[in-house]
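Hi,

Here is the structure I promised to pass on. Have a look first, and my notes follow underneath.

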Amino acid sequence: ACCEYGLRCGSNCCEPGQDCCAGECIEKVECPENQRYDSNACECRCGKDAAGMRLESDGKGGCKCPTDSNGRRMSLVNGYCTCVDAGFSVVGGNCKRMDCRDGTSGNTYQCYIDNVSCGYNCDSTGHNCGAGICHASDCREGETFVKKTRHTGGYNYACKKHVRNGYDCYYHKWGGWECYRGNTYCCDTNNTTTFECTTGFCGDGSRCRSLNTNYSASGDACVLSEDLICQYVNRRYVCFKHGYYCDYCSEEQIKSGTCCTGNSCKVSKDIVGTYNPETKRCEYTSGEDTVTCSTTQPTTLYPVQDCYAENGDKTCRVYVNDTIRSNANYAAGRCSEAEANCPEGTKYGYIEGGGYYDCRNETPDAPVCMYGDNKIRCFYKGALCGMFCDYFGRNCQRVYLPQCATAGHCPQNGYDITKNPCDCDGAVSSGLVKVKDANNNEIEEYHEFCCPAGHTYANGACAII
């Protein structure tokens, strides 16, 4: 009982606030910063940085960060091990190249670690991202910054939280947490205390069994009959019939067989078609055309529907069903002139680079844009030119080619402004490039490049300083 509030030390019980050494209670040992008292060694030893990286003794009574596996040095800054070399970020104990691209100002940049996307709509230093995480310092206490791709793709780094044995959850700053048993995704959750599943399930199938004792589980969905599949999404059941989204259903509707009756199928939040059992496609009329849509991966949270017109010869639309359920309408392309209802200055036609039919800019030698419901992607001669633009490829938040930049301004992606002069709204830096002289001999010249603010041009690319 004497150790109820103190520390057991061999056969002794120390008072609260005392430390233990060789079985004897001693006065509390105050360790230097980044060190902790080791009662076995009876001395202060180096602990971990704020992100959980093990520190080493510097031989002078202090602690230092280790050298990574590639020989790159790290130093302690504000409690975190950071890479000494400019343009690198610590990921999994190693220094990785870090850069942001294609923005204009504010939080409009796409950021990368070793050329792998880590953040979306970030500031030019890779912080304050709209989605995704690019720095260990953006994780909270008890979380580890790791490379982990979302099970639906798109964001490749996350803050990891070990919840319990065999069960880990990852936060990508995109919705809630994704949870895994081992390496297998099983659910999403917004509860950071219990980590109870709010979408999908990580248990023994009891949720599916409560709907139909003859269930089977496929991915994160309950297969309840030959043609009815339901998913648990945000504490509600989202159901698919014949592979097509049909409705939200209650437990009572599913149990009574009144969920998703008939042969209607939903192509988008606005378009309802009819299921054709012969072709196994969802069909609807668009102008003078009959449009047929197929679905893929109906047992996942993000199934995709491709739609075709003109007897199936023209791919005209793609929908992602998850956003249909959330009452958004993520789509690309439209299937007829009547459906497109193109605004003045545009004409219905094929979008080179986009792969679908839509309203394209009639101005010669100008960007053409995918007028899907988000109206974001523009192309120039088949190459992606800008994102989050207006109808005619102007005012783009992310710029890949000068044709989508404000007139006279440069893309901030390492654009060579010595070769192609324009105004840089970010950071101008110089670097060596190989060019041909008048005799066709290869020589090196210093050129100036346009990079995002906070970057410098080195080794053929922009990188965070």
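Strands β40, β42 and β41 make an open, antiparallel sheet, in that order (two strands pair if DSSP finds at least two bridges between them; strands are DSSP E runs of at least two residues, numbered from the N terminus). At its edges sit β40 (415–416) and β41 (427–436), each pairing on one side only. Two antiparallel bridges link β40 to β42 (442–451), and Asp 416 has Phe 449 of β42 as its bridge partner.

By the way, this is a predicted model: local features need pLDDT of at least 70, side-chain atom pairs count only at pLDDT 80 or more, and totals for chains, interfaces and linings use all residues. Numbering starts from 1 along each chain as its sequence is written, and side-chain values use heavy atoms, with hydrogens and water left out.

Now the cores. The largest nonpolar core (buried Ala, Val, Leu, Ile, Met, Phe, Trp, Tyr and Cys residues joined through side-chain atoms within 4.5 Å; buried is under 20% relative accessible area with a 1.4 Å probe, protein chains only) has 17 residues. Met 98, Cys 111, Ile 113, Cys 118 and Phe 145 have the most contacts inside it. Two or more residues each come from β12 (94–101), β13 (109–113), β14 (116–122) and β17 (157–164), with β13 giving the largest share, three. A second, separate core has 15 residues, including Phe 201, Leu 228, Tyr 232 and Cys 246.

Enjoy exploring!

Technical notes:
Buried means under 20% relative accessible area, exposed over 50%, partly exposed in between (1.4 Å probe, protein chains only). Helices (H or I, at least four residues) and strands (E, at least two) are DSSP runs, numbered from the N terminus.
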